[in-house]
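Here is a briefing on one model. It covers helix packing, sheets and the surroundings of the ligand.

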Amino acid sequence: MNDHGLSLGRSAGIRDGRLRDGGATGAGVAAATSLDDYADLQRGEVALWSSPQLADRPLIVPRRAVVTDDRNVQPSAAPAETMLTARGVTKSYRRGEHVIPVLHGVDVDIRGGEFLAIIGQSGSGKSTLLHLLGTLDRPDDGEIYFEGHRIDNLSPAGRDVLRNRHFGMIFQFYHLLPEFTALQNVLAPLMIGNGLFTYLASRRRLRAQATELLDMVGLGHRLRHKPRELSGGELQRAAIARALVSQPRVLLADEPTGNLDQGTGEEIMRILRTLNREQKLTIVMVTHDAAIAASADRQVRLVEGRLAQA
Ligand code: ADP
Ligand code: MG
């Protein structure tokens with residue numbers, strides 16, 4: 001194990017009937033296909049799996065309370081009850097010879113079930129921070145934790161699994177696949193997450209699940225429409241359904257109403273509030289708009305690369 005409690009599986013390939021891959025950072029990734037396999041994973045290992053029985057198991061196998069066989073394991077810097085934590089996160093971009101500092105030490109604790117809005121002016125680093133929280137990019141320094149486990153140093157495979165299974169993301173410009181229908185766009189994460197074979201075997205159930213979500217966001221009558229045949233509000237509804245289809249623990253929203261008129265933006269915010277209140281979905285939304293941020297339970301402001309009370 002390394003000092004974050006992630007096991008160091010160095011060999012890639014099938015071992016003991018399971019796929020293991022140490023990955024670049026040494027975070028163990030293993031594919032479990034049954035409950036027995038899952039129980040067998042080493043503590044702290046990142047689990048990939050394909051069985052529906054395992055759908056509600058934590059992605060990162062909980063560490064034992066007392067670790068007697070590894071003196072290197074250190075307690076996590078994240079409070080146990082938080083879902084997402086950033087500690088001293090810094091990030092700069094390099095453009096030619098210039099270094100553009102963006103984040104100067106961001107600290108934040110996001111509780112499970114919370115709806116947090118991060119407000120900041122254009123260019124203040126909101127998208128940068130959201131991408132770091134969602135493991136789309138890595139900080140220069142500092143740490144990010146999900147459910148108490150460090151995630152900023154996961155291997156690329158571990159990050160892919162984390163995003164596919166536990167993080168839903170929506171963006172200002174929707175990022176739907178233009179050649180796919182609304183339904184196919186919502187199904188895409190399931191195809192990727194399950195693998196084609198498992199996906200095809202359970203296609204009927206998964207299609208029903210995706211259709212139900214599109215119905216829930218008010219798009220049941222647009223299943224077979226392609227993005228170019230949908231309005232801005234409809235595109236964002238489809239993107240929300242896509243973000244929810246893997247039943248994520250956290251929804252990360254980057255200016256979700258930034259491209260919509262006020263009324264349509266309010267409809268999208270109603271959907272997000274409902275998901276938060278009724279399904280206890282944890283939401284982290286970044287926006288430049290204080291009126292939109294007012295929908296959240298708590299607001300913080302990104303100023304000069306750090307978070308402050310709004
Ligand atoms: P916001 O989402 O608050 O508008 P961003 O996080 O997108 O801000 O960007 C913060 C700063 O970092 C801006 O000055 C932007 O130009 C710069 N920036 C963002 N992404 C990159 C990149 N990939 N390369 C260079 N500079 C970038
Ligand atoms: Mg942005």
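**Helix packing and sheets in a predicted model**

Helix 4 passes helix 6 in a right-handed crossing. The model is predicted. Helix 4 also packs against helix 7, and helix 7 in turn crosses helix 8. Two open sheets follow, one of 6 strands and one of 4 strands. Helix 2 packs on the 4-strand sheet and also lies across strands 7, 11, 12 and 13.

**Helix 4 with helix 6**

- Helix 4 packs on helix 6, residues 203-216, at about 125°, and the axes are 9 Å apart.
- The two helices are therefore oblique to each other. The range from 115 to 145 degrees falls under that term.
- Helix 4 contributes A182, L183, V186, L187 and L190 to the contact, and helix 6 contributes L206, R207, A210, T211, L213 and L214.
- By class, this contact has 9 nonpolar residues, 1 polar and 1 charged.

**Helix 4 with helix 7**

- Helix 4 spans residues 182-194 and helix 7 spans residues 232-244; they pack at about 25°, with axes 7 Å apart.
- That angle makes helix 4 roughly parallel to helix 7. Angles under 35 degrees count as roughly parallel.
- The crossing of helix 4 and helix 7 is right-handed.
- From helix 4, the residues in contact are A182, N185, V186, A188 and P189; they meet A238, A241 and R242 of helix 7.
- The contact of helix 4 with helix 7 divides into 6 nonpolar residues, 1 polar and 1 charged.
- A182 and V186 of helix 4 take part in the contact with helix 7 and also in the contact with helix 6.

**Helix 7 with helix 8**

- Helix 8 covers residues 262-279; its axis comes within 9 Å of that of helix 7, and the two cross at roughly 15°.
- Helix 7 and helix 8 are therefore roughly parallel to each other.
- Helix 7 and helix 8 cross in the right-handed sense.
- G232, G233, Q236 and I240 of helix 7 make the contact with T264, E267, I268 and I271 of helix 8.
- The classes here are 3 nonpolar, 4 polar and 1 charged.

**The 6-strand sheet**

- This open sheet has the strand order 10-11-12-7-13-14, with mixed pairing.
- Strand 10 (167-170) and strand 14 are the edges; each has a single partner strand, so one side of each has no neighbour in the sheet.
- From one strand to the next, the twist averages 25°.
- Strand 10 pairs with strand 11, residues 250-254, in the parallel sense over 4 bridges. G168 has L251 of strand 11 as its bridge partner.
- Strand 7 (residues 115-119) and strand 13 (residues 298-303) are also parallel, over 4 bridges. I118 is bridged to V300 in strand 13.
- Strand 13 and strand 14, residues 306-309, run antiparallel and are joined by 4 bridges. Here V300 stands opposite Q309 of strand 14.
- V300 thus has a bridge partner in I118 and stands opposite Q309.
- Strands 13 and 14 form a hairpin with 2 residues between them, and E304 in the turn has a positive phi of about 50°.
- Helix 2 lies across strand 7, strand 11, strand 12 (282-287) and strand 13, at about 155° to strand 12.

**The 4-strand sheet**

- This open sheet has the order 6-5-8-9 and antiparallel pairing.
- Strand 6 and strand 9 (149-150) stand at the edges with a single partner strand each, so one side of each lacks a neighbour in the sheet.
- Strand 8 (residues 141-146) is joined to strand 9 by 2 bridges, and the two run antiparallel. Y145 has R150 of strand 9 as its bridge partner.
- Helix 2 packs on this sheet, where it touches strand 5, strand 6 and strand 8; its direction makes about 125° with that of strand 5.

**Ligand 1**

- The surrounding residues are Y93, R95, I100, V102, G120, S122, G123, S124, G125, K126, S127 and T128.
- Strand 5 (82-95), strand 6 (98-111) and helix 2 (126-133) each give two or more residues to this shell.
- Helix 2 gives the most, with 3 residues.
- The shell has 3 nonpolar, 7 polar and 2 charged residues.

How values were computed. Residues numbered from 1 in each chain as written. Chains lettered and ligands numbered in written order. Predicted model: local features only at pLDDT ≥ 70, side-chain atom pairs only at ≥ 80, totals over all residues. Pairing = 2+ DSSP bridges. Axes fitted to C-alpha atoms, helices over the stretch in contact; angles between N-to-C directions. Parallel < 35°, antiparallel > 145°, perpendicular 65-115°, else oblique. Left-handed = near helix turned anticlockwise from the far one by under 90°. Contact = placed C-beta atoms within 7 Å. Nonpolar A, V, L, I, M, F, W, Y, C, P; charged D, E, K, R; others polar. Near = placed C-beta within 6 Å.
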